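Hi,

Here is the structure I said I'd pass on. Have a look at it first, and then read on for what turned up.

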Amino acid sequence: MVSIIIPVYNVERYLDECVASALALKTECEVLLINDGSTDRSGELCGLWADRDKRIRVIHQENQGLSAARNAGIKASRGEFIMFLDSDDFIDPVKTDQMLSNLDDETEILLGLYRSYYEDRDAYEEEPSEALLTMSGRTKMERFLETMPADGRSCYMMACRFVVRREIIIRQKLGFLPGIYHEDEEWTQRLFCGSESIFVSHYYFYQYRRGRIGSITSSVKAKHIWDSFSILKRSEKLLVRLEPGSQKEMYIKRRMAQLYLSNMLNICVLDREERKKAKSLFMHFHGMCMPYIYGEGCRGVMLFDRIFGCWVTCIAVGYANKIRKRRREK
């Protein structure tokens, strides 16, 4: 049985479509609706769905955030496997059933593909998945990580694209870190490092809603940067447990480097006092992250860093990115 964990918070507009898509599965499943202190009719709708279908269980809790809601679902789950579904997204039942048919006694992690759904123009767009399409079926984790880009864009590692054996989540203590942005970034690192294999499926089963009506485009805030540094600290501790030279170690270093680069690019969201606090963190992670950054313009950044040093480079990259954004807005 598969436990489908759906955190719910103020999504009355989208909840019915989300839950209906999960209940349309032919695969044996339970649906856990975690009402995370909704202030609209979402909690009431959860109850109506539970009355309608015995596969649904509802947990009501005070608002604690996405991570805490997922953790509550993990604790209450009864299935052999766990998957996550955000309540403003939905799944394709046919493709999901086809993907789930690959689950067997040897499966640790099952990975599927997603499509972005743009509500404002009612259009779908398949993810850029070139790297994932180079492999299929059960694959050693080391080979998988050797192949996967670590830039976080060309291969988006969100939790909802995985189906994970519950035993692994419990044994590896793979709960989500509460109260932070980028919780999937932190979680997937530990997921990969605690597993030996992964099954790659080419079914575009997950429908990821973007540009939804009434939504506000998210912008980077100071908390994004502090949370990224928190993840870097946890990644640093994770590295100690990994075999030196392994693909797991290299993947984590590359992920750390991209988080570090992201913080450099967005340093201008910090005020003067915040930058003083951030300077020691940039300096601390500089040596372990800078050699592994990659992507457009990164060679120039590394050359600039060798000439002018860590902090001047951080400030220069941040202001260059700020100017670039302003030009795009004009």
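Below are my notes, going from one part of the structure to the next.

One thing to keep in mind before you start: this is a predicted model.

**Helix α3 and its surroundings**

A good place to begin is α3, which covers residues 66-76. Its buried residues are Ser67, Ala68, Ala69, Arg70, Ala72, Gly73 and Ile74. What covers them? The list includes four strands you can pick out by number, β1 (2-8), β2 (29-36), β3 (56-61) and β4 (81-84), along with the helices α6 (166-171) and α7.

Arg70 deserves a closer look, since it is one of those buried residues and also sits over aromatic rings. Its charged end lies over the ring of Phe176, 4.8 Å from the centre. Arg70 also lies over the face of Phe84, and there the distance to the ring centre is 5.5 Å.

**Aromatic rings**

Those two rings lead on to a cluster. Ring pairs join Phe84 and Phe176 with Phe144, Phe162, Trp187, Phe192 and Tyr251. How many aromatic pairs are there in the whole structure? The search finds 19.

Two of the pairs make a nice contrast. For Phe205 and Tyr206, the ring centres are 5.9 Å apart and the planes meet at 70°, so this pair counts as edge-to-face. Phe205 and Tyr206 are both buried. Phe304 and Phe308, on the other hand, make a tilted pair, with 4.5 Å from centre to centre and 35° between the planes.

Where do Phe304 and Phe308 sit? Both are in helix α11 (residues 298-308), four residues apart, or about one turn of the helix. As a general point, an α-helix has 3.6 residues a turn, so residues three or four places apart point the same way. As for exposure, Phe304 has a relative accessible area of 30% and is partly exposed. Phe308 is partly exposed too, at 47%.

**The largest cavity**

The search of the whole structure finds one cavity of 30 Å³ or more. The space inside the largest cavity comes to about 30 Å³. Which residues line it? They are Glu185, Thr188, Gln189, Phe192, Tyr251 and Arg255. You'll recognise Phe192 and Tyr251 from the aromatic cluster.

Helices α7 and α9 (247-265) each give at least two residues to this lining, and α7 has the largest share, with four. By class, the lining is made up of two nonpolar, two polar and two charged residues.

**The second largest pocket**

Helix α7 turns up again here. Together with α8 (222-240), α7 (183-193) is one of the helices that each supply at least two residues to the lining of the second largest pocket. That pocket has a volume of about 250 Å³. Of its 14 lining residues, Glu186, Arg190, Arg234, Leu238 and Arg241 lie nearest the centre. Sorted by class, the lining holds six charged residues, four polar and four nonpolar.

**Lys253**

Back in helix α9 you'll find Lys253. Is this lysine buried or exposed? Its relative accessibility is 19%, so Lys253 counts as buried, the cut-off being under 20%. Leaving aside neighbours within four places in sequence, Lys253 is in contact with Leu239 and Tyr292. Lys253 and Cys289 are 36 residues apart along the chain, yet their C-alpha atoms are 6.7 Å apart in space.

**Two backbone oddities**

Most residues other than glycine have a negative phi. Which residues have a positive value here? Among them are Asn10, with a phi of about 50°, and Lys173, with one near 55°.

Both are in loops. Asn10 is in the loop between β1 and α1 (15-23), while Lys173 is in the loop between α6 and α7. With a relative accessibility of 28%, Asn10 is partly exposed. Lys173 is exposed, at 69%.

If you want a single route through the model, I'd start at Arg70 over the rings of Phe84 and Phe176, follow the ring cluster to Phe192 and Tyr251, and finish at the cavity that Phe192 and Tyr251 help to line.

Cheers

Methods
Residues numbered from 1 in each chain as written. Predicted model: local features only at pLDDT ≥ 70, side-chain atom pairs only at ≥ 80, totals over all residues. Heavy atoms only, no water. 1 Å grid on protein atoms, 1.4 Å probe; cavity = no way out; pocket = protein on both sides within 12 Å on 5 of 7 lines; lining within 4 Å. Points joined across faces, edges and corners; volume = space filled by probe spheres on them. Nonpolar A, V, L, I, M, F, W, Y, C, P; charged D, E, K, R; others polar. Buried < 20%, exposed > 50% of the residue type's maximum accessible area, 1.4 Å probe, protein only. Contact = heavy atoms within 4.5 Å. Phe/Tyr/Trp six-rings, centres within 6.5 Å; stacked < 30°, edge-to-face > 60°. Lys NZ or Arg CZ within 6 Å of the ring centre and 35° of its normal.
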